[in-house]
Amino acid sequence: MLADLDTLVIALYCAACSLFPAAAPKPRRGRPMKITDNELICLMVAQMLLGYPSERQFLPVAAWRLGHLFPNLPVQSTYNSRCRALSGKLVTLWRAISQELPGFTDQLSFIDTTPLPCGQSVQTVNRSELAPWCAFGYCAAHSRWFWGMRLVLWCGPDGCVRDFDLVPANAPEREAALTLLERQPIHGQLVIADKGFAGAEFEQAVKALGACLLRPSRSDEPNRKSPPIGPIRQRIESIVQTLKYQLRLEQHLARTPAGLIARITARILALNTAIHLNWQLGQPARHLSTYGH
């Protein structure tokens, strides 16, 4: 079995069909649908792996690259509207694939947040349908302000995303991370975080959940002893970099809440699907470049 895009799409389609069996089509007005929801999910994942945030650019490439698998590609407007309605199925499929990965049950995990800009102009801020969910926030890593949301990630050591959440850009990182950790049983886990999660209350809250928080010491904590975790900490940084640069996380081009959720979930599903296939084939976990052409 080859580690290529065709193999990944076929494997993902089989997984989707096992979770969402084909049902009798419902009567509807207009032309009959020639492509199923499961096929659209596979197309969304392929779009993310090929690195085309724009649907207008992706569909012509899909006709050339994936036409032998999807002979009835929809037009852009249909593709856009139907993909936005697939958020629930994307989440269900992502969770099913994630739970099969070794990193999902590993006792080592990582927590972090990353900016998710949703607009660059005053007009966007004032008129966007995302405005009720977005806010202005500061990214210390890049010394910049942005308008949008933050993606909260809880990951396994193999790079799989165990859970994630979207919060306004000005939401406190520790509260957002704690909400995420409370949704899953983390008893006995060693959770690696960065300096931004410093705080006695947060550490006590994680301890109350049965886990242990490990983070680097800040400059204003000279008496706090922390083991050198730099090399281990780089894992979560590399996971975020994979999402940002290979899967174009910040170029999501979403204009509505439904579109944003669907596009972010599709990227995370693409990451975990690639890790799952690499794991089965004995390849490096986050080697995604083989699926990008």
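This is a short talk on two residues of helix α11 and on the packing of helix α1 with helix α5. Bear in mind that the model is predicted.

I'll start with His276. You will find His276 in helix α11, which covers residues 257-281. Is His276 buried or exposed? Its relative accessibility is 10%, and the cut-off for buried is under 20%, so His276 counts as buried. Now its surroundings. If we set aside the neighbours within four places in sequence, His276 has contacts with Ile97, Glu100 and Leu101. With one of these, Glu100, there is a polar contact between the side chains, at 2.7 Å.

Next, Asn278, which also sits in helix α11. Its relative accessible area is 0%, so Asn278 is buried. Which residues does Asn278 touch, leaving aside those within four places in sequence? The list is Gln283, Pro284, Ala285, Arg286, His287 and Tyr291.

Now back to Ile97, one of the contacts of His276. Ile97 is also one of the α5 residues that meet α1, so let me turn to that pair of helices, whose axes cross at roughly 110 degrees and are therefore roughly perpendicular. Helix α1 is residues 5-19 and helix α5 is residues 87-98, and their axes come within 10 Å. On the α1 side, the contact is made by Leu12, Ala15, Ala16 and Leu19. On the α5 side, the residues are Thr92, Leu93, Ala96 and Ile97. Sorted by class, that contact has seven nonpolar residues, one polar and no charged.

To recap: His276 is buried and has a side-chain polar contact with Glu100, Asn278 is buried, and α1 lies roughly perpendicular to α5.

How values were computed. Residues numbered from 1 in each chain as written. Predicted model: local features only at pLDDT ≥ 70, side-chain atom pairs only at ≥ 80, totals over all residues. Heavy atoms only, no water. Helix = DSSP H or I, 4+ residues; strand = E, 2+ residues; numbered from the N terminus. Buried < 20%, exposed > 50% of the residue type's maximum accessible area, 1.4 Å probe, protein only. Polar contact = N/O pair within 3.5 Å; in protein donor to acceptor, adjacent residues only side chain to side chain. Contact = heavy atoms within 4.5 Å. Axes fitted to C-alpha atoms, helices over the stretch in contact; angles between N-to-C directions. Parallel < 35°, antiparallel > 145°, perpendicular 65-115°, else oblique. Nonpolar A, V, L, I, M, F, W, Y, C, P; charged D, E, K, R; others polar.
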